[in-house]
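I opened this entry to keep track of what I looked up, starting with how two helices pack and then moving on to the strands.

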Amino acid sequence: MPVINSIADRKDEIAAWRQELHRNAQTKYEEVYAGDLIAKKLEEWGIPHTRGFAKTGIVATIEGQKTDSGKAIALRADMDALDIQERTGLPYASCNEGKMHACGHDGHMASLLGATKYLNETKNFNGKVHLIFQPAEEGGSGADKMIEEGLFKKFPCNYVFGFHNWPTLPVGTINMRVGGIMASVDEFEIIVKGKGGHAAMPENTIDPIVIASQIVIALQTIVSRTVSPIDTAVVSVTNMNAGTGAFNVIPGSARLHGTVRTFSNDVRHKIKERMESIVGNISKAFDSTIEIDYIFQTEPTVNTADGIAIAAKAAALVVGEKNVDTNCLPTMGGEDFGAFLIEKPGAFVFIGQGVANDPHCHSSMGLHHPNYDFNDEILPIGSSYFAALAETYMPLET
Ligand SMILES: [Zn+2]
Ligand SMILES: [Zn+2]
């Protein structure tokens, strides 16, 4: 099968759901419209489900024709939009001012709904499939919240799978890799407290700008001198604020703000420790007081080898083996699916949605761009991939 035929036949119906979700974009923990639409479909199809998981999330369960394998998998779609003013000009553009599905989570939900309808009709598997509709992926830690509320205790499973549409990959391709595929996302804030005064009499001040500058330079040595060259990490200072605007005043404090990205929790903790040590020692050297707040935000998304083996098989069934890259490059971008992969083995993959030779079309625009749009052509691929995971891992006939 290239894509599952009965799903391909239903492309227009799935695209209509997607466009309705797009038009009614809502951001983290406010995805009420999406929740209502999904719950309405689940009720229509007679699928048992729980609402109110992490406020607006939903979990539904489909049992196969047989369940004696004792196996279960979870398939996840994220639900939230972004605080972006849409500029696509499409007929189904967001009707909510300043809210936009610019990351394609509308397409992830529609793909999972398409798979849900198919799996519920065919039940061509031996086991259970849990369908996770997760709120607040964009900086809201929705995955962690669902886990805290007992997601995997209430819905035990052997594996968890998810995907992200990928504009720089062409339609008809699926990329994945064992190990880290998306980075952890952390934030840090450093407040340097010195002593302000007249710029002409620096000997009477403790200049926080000079101290903050030393810190910026010293932080650059973390990746080059502390992290092993075999590992990958980023430390970026993205804001440096100090001063009143006056040319002749040394301010009393300065603020640095930035992000750290890694693919492993070991490296992540090593960077935090090194950062605290650098800041503490510079503080002492310059007789200042420095506060550092390191905020762990999003886990790295680390695929397991057995999860990728299942994902690769399912992906090859849908787009053909030659169109599946099982050793793709990772990205330093983040995704909260990593929280699920700390609890359960599984895989997070990228499904291509770019259109070759047309870099300006909406589907080829970068994620979070105001002209971006999910490509409805890949809905049958997304739905078929989800369905194939269930049928591949839990075949009816063994
Ligand atoms: Zn995003
Ligand atoms: Zn996203």
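Before judging the helix pair I noted the cut-offs: angles under 35 degrees count as roughly parallel, over 145 as roughly antiparallel, 65 to 115 as roughly perpendicular, and the rest as oblique. I also kept in mind that I am reading a predicted model.

**Entry 1, helices H4 and H11.** I looked up how helix H4 (residues 105-122) lies against helix H11 (residues 379-393), and found that they pack at an angle of about 50° with their axes 8 Å apart. H4 and H11 are therefore oblique to each other, and I recorded their crossing as right-handed. On the H4 side the contact is made by Gly107, Ala110, Ser111, Leu112, Gly114, Ala115, Tyr118 and Leu119, while H11 contributes Leu379, Gly382, Ser383, Phe386, Ala387 and Ala390.

**Entry 2, the protein overall.** I then stepped back to the whole chain and counted eleven helices and 17 strands. The radius of gyration is 24 Å, close to the 21 Å that the globule rule gives for 398 residues, so the protein is as compact as a globular protein of that length. I noted that the C-alpha trace spans about 80 × 45 × 45 Å along the principal axes, and that 49% of the 398 residues count as buried. Among contacts with a separation of 6 or more, 81% are between residues 24 or more positions apart.

**Entry 3, strand S17.** Is strand S17 (residues 346-354) mostly covered or mostly open? I found it mostly covered, with nine of its nine residues buried. Taking the two faces in turn, I listed Gly346, Phe348, Phe350, Gly352 and Gly354 as buried on one side, and Ala347, Val349, Ile351 and Gln353 as buried on the other. For its partners, I saw that strand S5 (residues 159-170) runs parallel to S17 and is joined to it by eight bridges, whereas strand S6 (residues 174-175) pairs with S17 in the antiparallel sense over two bridges. Phe350 of S17 is the bridge partner of His164 and also that of Asn175.

**Entry 4, a three-stranded sheet.** Finally I traced an open sheet with the order S14-S7-S16 and mixed pairing. Strands S14 (301-303) and S16 (331-334) stand at the edges with a single partner strand each, so one side of each has no neighbour in the sheet. Neighbouring strands of this sheet are turned by 40° against each other on average, direction ignored. Strand S7 (residues 179-183) runs antiparallel to S14 and is joined to it by three bridges, and I noted Val302 in S14 as the bridge partner of Gly180.

Definitions and conventions: Residues are numbered from 1 along each chain as its sequence is written. Chains are lettered from A and ligands numbered from 1 in the order in which they are written. This is a predicted model: local features need pLDDT of at least 70, side-chain atom pairs count only at pLDDT 80 or more; totals for chains, interfaces and linings use all residues. A residue is buried if 20 or more other C-beta atoms lie within 10 Å of its own, exposed if 12 or fewer, and partly exposed in between; C-beta atoms are placed from the backbone. Two strands pair if DSSP finds at least two bridges between them. The radius of gyration is taken over C-alpha atoms; the globule rule is 2.2 Å times the number of residues to the power 0.38. Two residues are in contact if their C-beta atoms, placed from the backbone, lie within 7 Å. Axes are lines fitted to C-alpha atoms, for helices over the stretch in contact, and angles run from 0 to 180 degrees between N-to-C directions. A crossing is left-handed if the near helix is turned anticlockwise from the far one by less than a right angle, and right-handed if clockwise.
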